[in-house]
Amino acid sequence: MPQPLPPLDDLVACHQCDTLHVAQDLPENARAYCQRCGAVMMTAQSASIARILSLAMTAFVMLIAAISFPFLSLDANGLHNTTSVIDAVLAFNDGYAFPLAVAVAFFIIVIPLVRLGALIYALGPLARDQHPHAGAKHAFGLAERLRPWSMAEIFIVGVTVALIKVAGLAAVTIGPAFWAFAGVVIVTVLKDQMICRYSIWEALDHQPD
Amino acid sequence: MGSTGPSTGLITAREAGLVACQRCGQVHVINTAYCKRCDGPLRSRDTQSLQKVWAFLLAGMIAYVPANIYPMLLTNTLVDHTESTIVGGVVDLIHHGSFGIALIVFVASVMIPIGKFVAIIYLALSVHNRSSDNQHERHKAYEVVEFIGRWSMIDVFVVAILSALVQLNTVATINPGIAALSFALSVIFTMLSAQSFDSRLIWDADRTNNDGH
């Protein structure tokens, strides 16, 4: 029973259950949910692209700091050991655990950096009302696809558990990189909350002249 | 609260002879290959979804076995050498009185992985049987599985940090055991399994699909 449909560009389908909806302009700070399965389909926030971009740049700088500075140091019986995030990755660097070192490096350093870099590349020109860079769509698609594999926030919880485990064994000092890393986690969560995929794809597609 | 209006009752893009892009939501005439908005590949349904789900799930379950049998942490101190498995580590934490941390590790390393295996088996079987019961509950289960799976990595990161930090020559050293590798593999495979699941299939069962799969 074919029924007349609105123009295809006015339609939007839920990415989780394929139900068709007519796209509408949302009031400020509103969210649109799929009427069938309840998945979030759009969020409306004015100037959100500029805000997402600034959070992504903040997180990028803090992540560089988190990798470079001392992360934690340990003192016991006159012995001292300072470790950075890189050391934590290299902990697996012997023999059979080598693949694990690569995986951990990707989860906590490479993938977060690539995601943030791709997002900055894709959204940078949009925030200044300019033509998107070549490949901006691929960059944003990549950033979205990598989202589940970026595990900085899980790493921080892991660090907390580890701290409590060694607390009885030795004195642990928290370095600047720890706070930088915690900052990255908070900023990234804020940023991901703000991303409305629908409107960003629309903005990337609509090229101002 | 804003909402998107239904176009003509609640019908799917597929029923309307359309295909929707899962990345950006743009709708196209069916059999279009690439999305005109975001250039992503278009597929009305992933017909090989269940095959991939089962394959990755099996790999994840197999890797979970050695992850529990072999030691996760190798601890050397002046006086002794201990090896602790995942469950052994939880028991140690309870002995030290760290009940909260013991609970976090137990939930992340035992309850979440096993819960995920059960949930994915249930979801895959129900889609296979074209069940139309509890669609909302099943969809919720899928969302929870997708969201929570990555948190199992906690224990791998704990091992990484401990092994990097506790390197005090002869006094105390901690090194990763082989179980850390198999546990990480198990989490990765299970995440891939959950990502392969096409959630649109949950909602297809109660509809008459003339074109089938």
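This is a short walk through a predicted model, moving from its confidence scores to a small sheet, two buried residues and a pair of domains.

Let's begin with how far the prediction trusts itself. Chain A has an average pLDDT of 82, and 91% of its residues reach a score of at least 70. Which elements of chain A have the lowest and the highest mean pLDDT? The lowest, 77, belongs to helix H2 of chain A, which covers residues 85-90. The highest, 89, belongs to helix H1 of chain A, at residues 48-68. A useful habit to keep in mind: where pLDDT is low, the predicted coordinates should not be read in detail.

Now look for the sheet in chain A. Three strands form an open sheet in the order S6-S5-S7, and their pairing is antiparallel. Strand S6 (79-83) and strand S7 (171-174) of chain A are the edge strands, each pairing on one side only. On average, neighbouring strands in this sheet are turned by 15° against each other, direction ignored. If you follow strand S5 of chain A along residues 72-76, you will find five bridges joining this strand to S6(A), and the two run antiparallel. To see how residues face one another here, find Ala76(A), which stands opposite Leu79(A) in S6(A).

Stay with strand S6 of chain A a little longer, as this is where Asn81(A) is found. Is Asn81(A) buried or exposed? Its relative accessibility is 16%, and residues under 20% count as buried, so Asn81(A) is buried. Its contacts, leaving out residues up to four places away in sequence, come from both chains. From chain A, Asn81(A) touches Leu72(A), Ser73(A) and Leu74(A). From chain B, it touches Ala164(B), Leu165(B), Val166(B), Gln167(B) and Leu168(B). Asn81(A) also shows how a fold can bring together distant parts of a sequence: Asn81(A) and Val172(A) are 91 residues apart in sequence, while their C-alpha atoms are 9.6 Å apart in space.

For a second buried residue, move to the loop between helix H4 (136-145) and helix H5 (152-166) of chain A, where you will find Ser150(A). Ser150(A) has a relative accessible area of 8%, so this loop residue is buried too. Which residues does Ser150(A) touch, not counting those up to four places away in sequence? They are Phe107(A), Ile111(A), Pro112(A) and Arg115(A), together with Arg150(B) from the other chain.

Finally, turn to chain B. This chain is divided into domain 1, at residues 1-44, and domain 2, at residues 48-203. The C-alpha centres of these two domains of chain B lie 35 Å apart.

How values were computed. Residues numbered from 1 in each chain as written. Chains lettered and ligands numbered in written order. Predicted model: local features only at pLDDT ≥ 70, side-chain atom pairs only at ≥ 80, totals over all residues. Heavy atoms only, no water. pLDDT = per-residue confidence, 0-100. Helix = DSSP H or I, 4+ residues; strand = E, 2+ residues; numbered from the N terminus. Pairing = 2+ DSSP bridges. Axes fitted to C-alpha atoms, helices over the stretch in contact; angles between N-to-C directions. Domains from an automatic or database assignment. Buried < 20%, exposed > 50% of the residue type's maximum accessible area, 1.4 Å probe, protein only. Contact = heavy atoms within 4.5 Å.
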